[in-house]
Amino acid sequence: MSVRNDRTEGIRRRRFLTNAALGGATIIGATALGGLDAEAAFAAEPSLDPAIARSTFVEGRIIGITGSVLEVAGSNGGHSRVQMTNVTSVWKVRATTAKEIEVGDGLYARGVKMPDGTVAADAVWVNIVNLDTQIRGIAKDRLHLAHGQHELVGHVAPEASASYAGRALTSDLSRLRIGQSAKVLGAWRPSDNSVDVVRISVGH
């Protein structure tokens, strides 16, 4: 199973994103809903007003980009159109802009369904992954990881941080050790099936 087809992690992403909410049909930035970083995308229960109607969730792989509209092929065989707006928040390793989105990227988007079926997005997470791994090797700017039966290269992002035994995040990655089980939050690289590591937790 490849990173992009990790169904267990897809379910976890779906649980967060499908329970998120927007204020009616107003498109607002994702930061108003509690953040856009990797940890926010995998939060178990967003603390939002339950009176606000649920948003629409789209997941899949981007197969085309026309202007500000993303054509998305869902993992269940469906097809969706995601409209980016001038207030859509985008995460791809870090907070960024729609210009960084490419055909072939994986996508998880939250927004409001418009009358024509297009989803106007307030938040888009591009290639986001949350993986259970084992550290097999450590180099200056990368980790060699095992994810299930697959070997995986983890490129350590400049802003990467670690948590040891549930403690607060730190920029000190020197305590990582070969053989440790590690939960990796980051972004999948479609070009070579590696990942950019943004957060790594060991001893959790």
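**Note on the predicted model: a barrel, two cores and one loop residue**

1. Asp-141 sits in the loop between E8 and E9, and this note starts from that residue, bearing in mind throughout that the model is a predicted one. Setting aside residues up to four places away in sequence, Asp-141 touches Gly-154, His-155 and Val-156. The C-alpha atom of Asp-141 is also separated by 7.9 Å from that of Ala-157, a residue 16 positions away along the chain.

2. Is Asp-141 buried, exposed or partly exposed? Its relative accessible area is 46%, and because the partly exposed class covers values between 20% and 50%, Asp-141 is assigned to that class.

3. The two strands that flank this loop, E8 and E9, pair with each other in the antiparallel sense over 4 bridges. Within that pairing, Gln-134 has Ala-146 of E9 as its bridge partner.

4. Which strands make up the closed barrel, and in what order do they run? The barrel has 5 strands in the order E8-E9-E10-E12-E11, and the pairing around it is mixed. From one strand to the next, the twist averages 55°.

5. The largest nonpolar core holds 16 residues, and those that touch the most other members are Ile-135, Leu-145, Leu-176, Val-195, Ile-200 and Val-202. At least two residues of this core come from each of strand E8 (128–138), strand E9 (142–147), strand E10 (150–164), strand E11 (181–189) and strand E12 (194–202). The most is given by E12, which contributes 4 residues. As general background, nonpolar side chains in soluble globular proteins tend to be buried together.

6. Leu-176 deserves a separate look. Once its neighbours within four places in sequence are left aside, Leu-176 is in contact with Ile-135, Ile-138, Leu-143, Tyr-164, Ile-200 and Val-202. Apart from the core described in the previous point lies another core, of 14 residues, which includes Val-58, Val-90, Ile-101 and Ala-121.

7. For the protein as a whole, the secondary structure comes to 2 helices and 12 strands, and read along the sequence both helices precede the strands, in the pattern α-α-β-β-β-β-β-β-β-β-β-β-β-β. Of the contacts with a separation of 6 or more, 61% are between residues 24 or more positions apart.

8. On the balance between interior and surface, 48% of the 204 residues are buried, while the protein exposes about 10,100 Å², of which carbon and sulfur atoms supply 50%.

Notes: Residues are numbered from 1 along each chain as its sequence is written. This is a predicted model: local features need pLDDT of at least 70, side-chain atom pairs count only at pLDDT 80 or more; totals for chains, interfaces and linings use all residues. Side-chain values use heavy atoms; hydrogens and water are left out. Buried means under 20% relative accessible area, exposed over 50%, partly exposed in between (1.4 Å probe, protein chains only). Contact means heavy atoms within 4.5 Å. Accessible areas come from the Shrake-Rupley method with a 1.4 Å probe; for residues, only the protein chains shown count as cover. A nonpolar core is a set of buried Ala, Val, Leu, Ile, Met, Phe, Trp, Tyr and Cys residues joined through side-chain atoms within 4.5 Å. Two strands pair if DSSP finds at least two bridges between them. Axes are lines fitted to C-alpha atoms, for helices over the stretch in contact, and angles run from 0 to 180 degrees between N-to-C directions.
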